[in-house]
Each structure stands twice: as structure tokens, then as C-alpha cells.
Amino acid sequence: MIPLVGLGAGGHARVLLEILTAEGRYEITGLLDPNPELHGKSTDGVPVLGGDEMLAALTARGVLHAFMGIGSSSDTRPRQRIFEQAKAAGLQFVAILHPSAVLAPSAEIGEGCAILAGAVVGTGARLADNVIVNTRAVVDHDCRIESHAHIASGAVLAGNVQVGEGAHIGAGAVIRQGLRIGRRAVIGVGAAVVCDVPDEAVFGGVPARPLIR
């Protein structure tokens with residue numbers, strides 16, 4: 001089996017651990033988490049070895065693959081920082097696809113993406129690196145999702161939507177076809193987006209309107 005380390009030891013990591021364990025392809029050597037209170041403990045039976053300072057030591061031991069176990073509620077920057085730090089240390093991220101997810105044959109997903117239970121990634125969709133398509137989210141045909149974005153549980157992106165780097169689409173939000181969601185924009189839970197959203201803006205409501213960040 002392939003040795004694999006998880007980055008993060010919280011709820012999102014637990015979801016991914018279940019998928020990886022069921023696959024049976026990887027030997028989970030442990031988890032890394034920045035919270036020192038977790039060090040020396042375990043998450044669902046997997047030891048938390050320490051923090052990010054252990055990345056170089058793990059690669060020296062031959063652990064060259066990782067999964068991104070850090071989720072996000074709105075700020076995706078911690079996930080991006082850890083991803084880039086791990087890449088600089090020589091780790092390669094595995095993509096994770098839940099067996100109930102639907103990935104169209106013509107869709108493409110990047111390194112470290114996670115497509116979770118019941119999610120749909122449609123025809124011609126393109127996902128860059130380190131993207132989460134969470135439980136029962138829909139990324140429809142020809143969407144473009146840039147690196148480190150999070151499409152939260154139950155969100156729906158109609159066809160040809162573009163989502164910028166590090167954007168967060170909240171749970172249950174709906175994005176009308178053909179729109180652009182800017183870099184690091186945040187779309188609130190349950191929002192109905194009917195216009196383009198600028199970089200770093202926060203939109204919420206039905207229909208969605210700008211909110212103060």
C-alpha cells in the first residue's frame with residue numbers, strides 16, 4: 001500500500017479518512033495538525049503525529065503522498081497555505097472521490113481535489129488543484145473552478161459558472177448559469193446568486209446582494 005499522511009485532524013479529515021480506508025489502497029501513517037492539543041492523540045484511530053514542521057521528516061522517511069484534511073467555513077487561505085507548504089516539501093496530493101459521487105467522463109479534476117458523497121461534477125467541468133466539492137453539491141457542465149475553492153454541501157452551480165481561486169460557495173447556495181464568482185469571494189448559506197460577484201466580495205440573501213466584510 002502507498003504511505004499517506006493527512007494534513008488536518010478535524011471533521012473534514014474524518015470524512016476523507018473513511019473514504020480512504022474503504023478504498024484500501026493507502027497506508028495512513030498519521031495526521032498533522034497545527035493544534036498542539038491534538039498532538040499525541042488520535043482521530044478515528046489514526047495518530048496525530050504533530051504539526052506542519054514534520055513535513056520534511058516524513059518525506060525523508062519516504063512518505064511522499066498526502067491528503068488535504070483541512071476544510072473551510074469561509075476562509076480558504078489556511079488550506080491554500082498548507083497545500084503550498086506541503087508541495088514545497090515534496091509531497092504529492094491524492095484526489096479523493098466518494099463512491100456515490102458522479103464524475104462525468106469528460107470532467108477534469110486537479111491534484112488534491114475531494115468530491116464527496118452524492119456530489120456531481122458534470123460534463124466538461126474543470127476543477128483546479130485542492131478544490132472541495134462537498135456532500136451533494138452540483139458543479140454542472142463546463143464550470144471552471146480555480147484552485148483552493150470550496151463548493152459547500154448542497155450548493156448548486158448551473159452550467160458555465162466560473163469560480164475564482166480560494167472562493168467559498170456556502171451550503172445550499174445556488175449560482176445562475178454563466179456567472180463569475182471572483183477570487184476569494186464568499187457566498188453565504190442559501191444565497192441565490194443572479195449576477196457576477198467581484199473578487200473578495202461577500203454576497204448573501206435571495207436574491208444575493210453585497211454584504212459588509
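The legends below describe close-up views of a predicted model.

**View 1. Two domains in contact.**
The domain assignment splits the protein into domain 1 (2-93) and domain 2 (95-212). Their C-alpha centres lie 23 Å apart. Across the boundary, 23 residues of domain 1 are in contact with 21 residues of domain 2.

**View 2. Strand β2 and its partner β1.**
Strand β2 covers residues 26-32. Of its 7 residues, 5 are buried, so the rest of the structure largely encloses this strand. Strand β1 (residues 2-7) runs parallel to β2, and 6 bridges join the two. Within this pairing, Val5 stands opposite Gly30 in β2. How does the chain get from β1 to β2, and with which hand? The path crosses through helix α1 (residues 11-23), and this β-α-β crossover is right-handed.

**View 3. Strand β2 and its partner β4.**
Strand β4 (residues 46-50) also pairs with β2. The two run parallel and are joined by 2 bridges. Leu32 stands opposite Gly50 in β4. Strands of a sheet pair through backbone hydrogen bonds, either parallel or antiparallel.

**View 4. Asp52, a buried acid without a salt bridge.**
Asp52 lies in the loop between β4 and α2 (55-60). Asp52 is buried, yet has no salt bridge. Which side chain of opposite charge is nearest to Asp52? That side chain is Arg81, 4.1 Å away. The cut-off for a salt bridge is 4 Å, so this pair is not counted. Arg81 still touches Asp52. Leu32, Ile82 and Gln85 touch Asp52 as well, with residues up to four places away in sequence left out of the list. Leu32 thus appears in two views: opposite Gly50 in β4, and in contact with Asp52.

**View 5. The open parallel sheet.**
In the order β9-β12-β15-β18-β21, 5 strands form an open sheet. The pairing is parallel. Which strands form the edges? They are β9 (108-109) and β21, each of which pairs on one side only. At the β21 edge, β18 and β21 pair in the parallel sense over 2 bridges. Here Gln162 stands opposite Arg180 in β21. In a regular strand the side chains alternate between the two faces of the sheet.

**View 6. Salt bridge between Arg180 and Asp199.**
The side chains of Arg180 and Asp199 meet in a salt bridge, at 3.1 Å from N to O. Arg180 lies in strand β21, whereas Asp199 sits in the loop between β23 (192-193) and β24 (202-204). The pair therefore ties together parts that are 19 residues apart in sequence. Arg180 counts as partly exposed, at 36% relative accessibility. Asp199 is also partly exposed, with a relative accessible area of 43%.

**View 7. Glu165, Arg183 and Glu200 in one network.**
Salt bridges that share partners join Glu165, Arg183 and Glu200 into one network. Within the network, Glu165 forms a salt bridge with Arg183, with the closest N and O atoms 3.3 Å apart. Glu165 lies in the loop between β18 (162-163) and β19 (168-169), and Arg183 in the loop between β21 (180-181) and β22 (186-187). Their bridge therefore ties together parts that are 18 residues apart in sequence. Are these two residues buried or partly exposed? Glu165 is partly exposed, with a relative accessible area of 25%. Arg183 is partly exposed too, at 34%.

**View 8. Salt bridge between Arg77 and Asp75.**
Arg77 forms a salt bridge with Asp75, and their closest N and O atoms are 2.9 Å apart. Asp75 counts as partly exposed, at 33% relative accessibility. How many salt bridges does a search of the whole structure find? The search finds 7. Side chains of opposite charge can pair when their charged atoms come close.

**View 9. Val174 and its contacts.**
Val174 is found in strand β20 (residues 174-175). At 41% relative accessibility, Val174 counts as partly exposed. Which residues does Val174 touch, not counting those up to four places away in sequence? They are Val156, Ala191, Ala192 and Val193. Val174 and Leu211 are 37 residues apart in sequence. In space, their C-alpha atoms are 17 Å apart.

Note on methods. Residues are numbered from 1 along each chain as its sequence is written. This is a predicted model: local features need pLDDT of at least 70, side-chain atom pairs count only at pLDDT 80 or more; totals for chains, interfaces and linings use all residues. Side-chain values use heavy atoms; hydrogens and water are left out. Buried means under 20% relative accessible area, exposed over 50%, partly exposed in between (1.4 Å probe, protein chains only). Helices (H or I, at least four residues) and strands (E, at least two) are DSSP runs, numbered from the N terminus. Two strands pair if DSSP finds at least two bridges between them. A crossover is right-handed if, with the strands pointing away from the viewer, the path from the first strand over the helix to the second runs clockwise. Lys and Arg count as positive and Asp and Glu as negative; His and the chain ends are not counted. Contact means heavy atoms within 4.5 Å. Domain bounds come from an automatic or database domain assignment.
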